[in-house]
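This report describes one strand and its neighbours, the surroundings of a ligand, and one helix. Please keep the structure in view while reading.

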Amino acid sequence: MIRSVVRGFGAHLPEKVMRNRDLEGVVETSDEWIIQRTGIRQRYIAGEHETTASLGEMAARAALDRAGMTPGDIDLIICATSTPDNTFPATAVNIQNRLGMHHGAAFDLQAVCSGFVFAVTTADSYIKSGLAKRVLVIGAETFSRILDWTDRTTCVLFGDGAGAIVLEAEEGEGTIADRGVLSAHLRSDGAHREKLYVDGGPSTTGTVGYLRMEGREVFKHAVGMITDVIEAAYDATGLGSDDIDWFVPHQANRRIIDASARKLGIADQKVVITVDIHGNTSAASIPLALNEAAADGRIKTGDLVLLEAMGGGFTWGSVLLRW
Ligand code: ACO
C-alpha cells in the first residue's frame, strides 16, 4: 500500500510581533482578558512587503531543505489559504513561480482554519492514486489583512504566518505500523455560514471584506465537531488516545484545545500548544505547530501524530499519521 510520508517541515513568521499590550492602544481590551479567554499572548503581523505567497515561499524552502529536496523534485504544490495574494492566480502558483518551478501543478485549497487538514488529505489522495509522488503542502495566511481592527471581538484573536511539509510516496505494509498518513476524515456543513464568514468577495461586494464571527456560537460547536472526527480516526484505525504520541490541534483558542483533549482523554503533555505565541493563524496554525514540535525534537520519526481542525463553513477534519 502506498503511504504519504512526511520528509520535511518548515515555517516562516513575519518580522513584526504584536503583543497583547500593543492591542490595548488599538481597541478596548486588556492583556488579562485575551490571555484568560484565549491563551494568546502575542501574534505576528505581516509587514507591507510580506504577503501570503512570500511567507509561504519561505516556509516551503525550509521544508524542502529539511527534506533534502529541491523544487525540481516536487510534482504538486497545494497551498491552503483563505487570504490569497490575489483573487487569482492561485497563491500556490505564485509560490511555484517564486521557487523557480515551472513543471507539475499547483493550486489553492480553501477550507479556512481546516485548510491544512483538507490539503494533507488531498495530497494523500493524489499520492495514493499515483497522480503525484512528492507534494509540497503549505498553509499560509495573512489574516491581519481581513480583520476589522475596530472590532475587539475578532482582531485580538488572529495572526499571520506560514508552515509547510513535504509528503512523499513510500511503499507500506497497509498496517498502522506504517509511516505516513493512516487516516483522514473531512466534514463540512454550510448551514453554519453566518457564525463565521467574511462579509465581502469578488462575486458579492467586489471587495475583500472583513472577518465576522459569533465567537460564542463557534465555541459551542467546536469541541463536539473536533471529537467527532477524532473518534472517526480511532474507529478507522483501532487506535486510541493512549496510542497518540502528539496531539497537534488547530490553534484557535487554548480553552477549546484543552476541552477537546480532556474529552478525548489525551494527556496534557502530549498536546502541542503554539496559540500563545502565534495566535490563530488559520490554515497555517497546524504546520507552524508541527514545525515547533519537530524542530525542538519532541516529534520524532515513528511517532503517532494526531492533527485536527475546525473552522469557517463550518469545516472540520482530522488526520492521523505516523511521522
Ligand atoms: N477584550 C475585552 N473584552 C472583550 C473582548 C476583548 N477583546 N472581546 C469581547 N469582549 C467582551 C464582550 O463584549 C463581552 O462583554 P459583555 O459581557 O459586556 O457583553 C465579554 O467580553 C464576553 O464575551 P464572549 O464573546 O462571551 O466571550 P467568550 O468567553 O465567548 O470569548 C472568544 C470570546 C474568545 C471569541 C471565544 O468565544 C472563542 O474563542 N470562540 C471560538 C473562536 C474560534 O475557535 N474560532 C475558530 C475558528 S476560526 C476560523 O475558522 C477562521
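Ile78 stands opposite Val137 in strand 6. Strand 4 (residues 76-80) and strand 6 are parallel partners, joined over 5 bridges; two strands pair if DSSP finds at least two bridges between them. Helices (H or I, at least four residues) and strands (E, at least two) are DSSP runs, numbered from the N terminus. This is a predicted model, in which local features need pLDDT of at least 70 and side-chain atom pairs count only at pLDDT 80 or more, while totals for chains, interfaces and linings use all residues. Residues are numbered from 1 along each chain as its sequence is written, and side-chain values use heavy atoms, with hydrogens and water left out.

Strand 6 also pairs with strand 7 (residues 160-171), here in the antiparallel sense over 9 bridges. In that pairing, Ile138 is opposite Ala164 in strand 7. Of the 9 residues of strand 6 (residues 134-142), 8 are buried, where buried means under 20% relative accessible area (1.4 Å probe, protein chains only).

The ligand comes next. It is surrounded by 27 residues, each with a heavy atom within 4 Å of it. The closest are Thr29, Arg37, Cys113, Arg216 and Asn253. By class, this shell holds 14 nonpolar, 8 polar and 5 charged residues. Ala, Val, Leu, Ile, Met, Phe, Trp, Tyr, Cys and Pro count as nonpolar, Asp, Glu, Lys and Arg as charged, and the others, Gly among them, as polar. Helix 7 gives the most to the shell, with 4 residues. Domain 1 (2-171) and domain 2 (180-322) both give residues to the shell, so the ligand lies between them; the domain bounds come from an automatic or database domain assignment.

The table gives polar contacts of the ligand, that is, pairs of N or O atoms within 3.5 Å.

| Residue | Atom of the residue | Atom of the ligand | Distance |
|---|---|---|---|
| Arg152 | polar backbone atom | nitrogen | 2.8 Å |
| Asn253 | polar side-chain atom | oxygen | 2.6 Å |
| Arg255 | side-chain N or O atom | oxygen | 3.0 Å |

On its own the ligand has 1000 Å² of accessible area, and the protein covers 77% of this. Accessible areas come from the Shrake-Rupley method with a 1.4 Å probe.

Helix 10 (residues 285-295) is largely enclosed by the rest of the structure, because 9 of its 11 residues are buried. Among them are Ile286, Leu288, Leu290 and Asn291. Just after helix 10, Gly297 has a positive phi of about 90 degrees.

Conventions. Buried means under 20% relative accessible area, exposed over 50%, partly exposed in between (1.4 Å probe, protein chains only). A polar contact is a pair of N or O atoms within 3.5 Å; within protein, one must be able to donate a hydrogen and the other to accept it, and residues adjacent in sequence count only if both atoms are side-chain atoms.
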